[in-house]
Amino acid sequence: MTGRMAVLPAAGTDHPAGGEQGREAARRMGRLRWTVVFDPPRDGAVNMAVDHALAETVDPDAGWLRLYRWTRPTLSLGRNEPAADCYDFERAARLGVDVVRRPTGGRGVLHDAELTYAVVAPIAAAGRLRAAYAAVHAGLAAGLRALGADARLAAGVAPGPPRAGACFDATAGGEVVAGGRKLTGSAQARIGRALLQHGSVLIDGTQELARKLCRQPADADAAPASTTLREQLGRTPTWEEVAKAVTEGLAAGLETEIAQGPLPRRALPLIRPLERRYRSREWTLRR
């Protein structure tokens, strides 16, 4: 592994929605040369390896937006989230759910009927990670509004240190919400000289399976904390529609152009070694 990694457990959640720091981060990031990669579905270990490889090899003048899917329903755990004592991995296997641990912080997310995004940029351009978080989410919200969702940035602060449980069971400041319910969940990490921010835009389905895999039962009477684009739009948009909206929203928010392209060649040799890490039981079950 090259480069050092630092994690923000509740990345950006104490930063006010937007704000001058977020706008300044958008201006700085907008000066980069941006490429969007529309990636085919991959399994959890490969998806995490590709995001990590992009961060390890990002050029100082380049930014990357990677949009992707998963080959199977996958529960991803935050880097420092408790694992075996808090999740029933045997039940996950019986239900056909893969489990992977992310390089970023936060809580468990079920990846299924969604679009997953990854933003990679050099720290020197992104500046404060919490400000970059606000800038990226502002662009995501703009793109989702263009689809017809009432997407906004939540006010407030983080509810405290992350614990085991479904990410979409709680909303924190700076996250994308619609109708007061969480539509996008994101997490950050500093990897070497790069920022990695990735997250899920819920298109359809629910996070109920993530709750069922958690050994600590959720409040059965609690109102749903998350929502989907299907609920917000009254129809189910295609993955391609959402990908286009997210790309255009981020480009508008950063006041830049984003050209489509392949993964950078220099990242490709790192993917297989990183995949072994993210596929290892030692990494997945770490406390």
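Here is a short chat about the predicted model shown above.

Visitor: Let's start broad: how many helices and strands are in the chain, and what share of its residues is buried?

Guide: This is a predicted model, so take everything here as computed from that prediction. The chain holds 10 helices and 12 strands. Of its 287 residues, the buried share is 55%.

Visitor: What percentage of the contacts with a separation of 6 or more comes from residues 24 or more positions apart?

Guide: Contact here is a matter of heavy atoms within 4.5 Å. Take the contacts in the chain with a separation of 6 or more, and ask how many join residues 24 or more positions apart: that comes to 81%.

Visitor: And how much area does the chain expose?

Guide: Carbon and sulfur atoms supply 50% of the exposed area. The total for the chain is about 12,400 Å².

Visitor: Moving on to α2, what end-to-end distance should it span, and what do its end C-alpha atoms give?

Guide: Helix α2 covers residues 44–57, which is 14 residues. The expected span is 1.5 Å times one less than the number of residues, so α2 should span 20 Å. The end C-alpha atoms agree with that, being apart by 20 Å.

Visitor: Is α2 largely enclosed or open, and how many of its residues are buried?

Guide: A residue counts as buried under 20% relative accessible area. Helix α2 is largely enclosed by the rest of the structure, because the buried count is 14 of the 14 residues.

Visitor: Which residue caps the N-terminal end of α2?

Guide: Look for a side-chain oxygen 3.3 Å from the backbone nitrogen of Ala45. The residue that supplies this oxygen, and so caps the helix, is Asp43.

Visitor: Now Ser186: where is it, and is it buried or exposed?

Guide: Ser186 sits in strand β10, residues 181–191. Its relative accessible area is 12%, and the cut-off is 20%. That makes Ser186 buried.

Visitor: Which side chains make polar contacts with the side chain of Ser186?

Guide: Away from its sequence neighbours within four places, Ser186 is in contact with Tyr117, Tyr133, His137, Gln197, His198 and Gly199. Two side chains from that list pair with the Ser186 side chain in polar contacts, at 2.5 Å for Tyr117 and at 2.7 Å for His137. The names you want are Tyr117 and His137.

Visitor: What separates the C-alpha atoms of Ser186 and Thr116?

Guide: Along the chain these two are 70 residues apart. In space, their C-alpha atoms are separated by 9.5 Å.

Visitor: Which residues are linked in a network of salt bridges?

Guide: The whole structure has 17 salt bridges. Among them are Asp150 with Arg152 at 3.0 Å, and Lys182 with Glu175 at 3.1 Å, N to O. The linked network is made by Asp39, Arg42, Asp51 and Arg66.

Visitor: Are Lys182 and Glu175 buried or exposed, and how do Asp150 and Arg152 count?

Guide: Lys182 and Glu175 are both buried. Asp150 has 39% relative accessibility, which makes it partly exposed. Arg152, at 52%, counts as exposed.

Visitor: How many residues apart are Glu275 and Arg272, which meet in a salt bridge?

Guide: Their side chains meet at 3.5 Å, N to O. Residues three or four places apart in an α-helix point the same way, because there are 3.6 residues a turn. Both Glu275 and Arg272 lie in helix α9 (residues 268–279), about one turn from each other, and their separation is 3 residues.

Visitor: Why do Cys86 and Cys214 make no disulfide?

Guide: A disulfide needs sulfur atoms within 2.5 Å. The closest cysteine sulfur to that of Cys86 is in Cys214, and the distance is too far for a bond. Cys214 is buried, at 11%. The disulfide count is 0, and the gap between those two sulfurs is 6.4 Å.

Visitor: Which residue has a positive phi although it is not a glycine?

Guide: Its phi is about 55°. Look in the loop between α8 (239–254) and β12 (258–260), at an exposed residue with 70% relative accessibility. That residue is Glu255.

Methods:
Residues numbered from 1 in each chain as written. Predicted model: local features only at pLDDT ≥ 70, side-chain atom pairs only at ≥ 80, totals over all residues. Heavy atoms only, no water. Helix = DSSP H or I, 4+ residues; strand = E, 2+ residues; numbered from the N terminus. Buried < 20%, exposed > 50% of the residue type's maximum accessible area, 1.4 Å probe, protein only. Polar contact = N/O pair within 3.5 Å; in protein donor to acceptor, adjacent residues only side chain to side chain. Areas by Shrake-Rupley, 256 points an atom, 1.4 Å probe, with all protein chains shown as cover. Salt bridge = Lys/Arg side-chain N within 4 Å of Asp/Glu carboxyl O.
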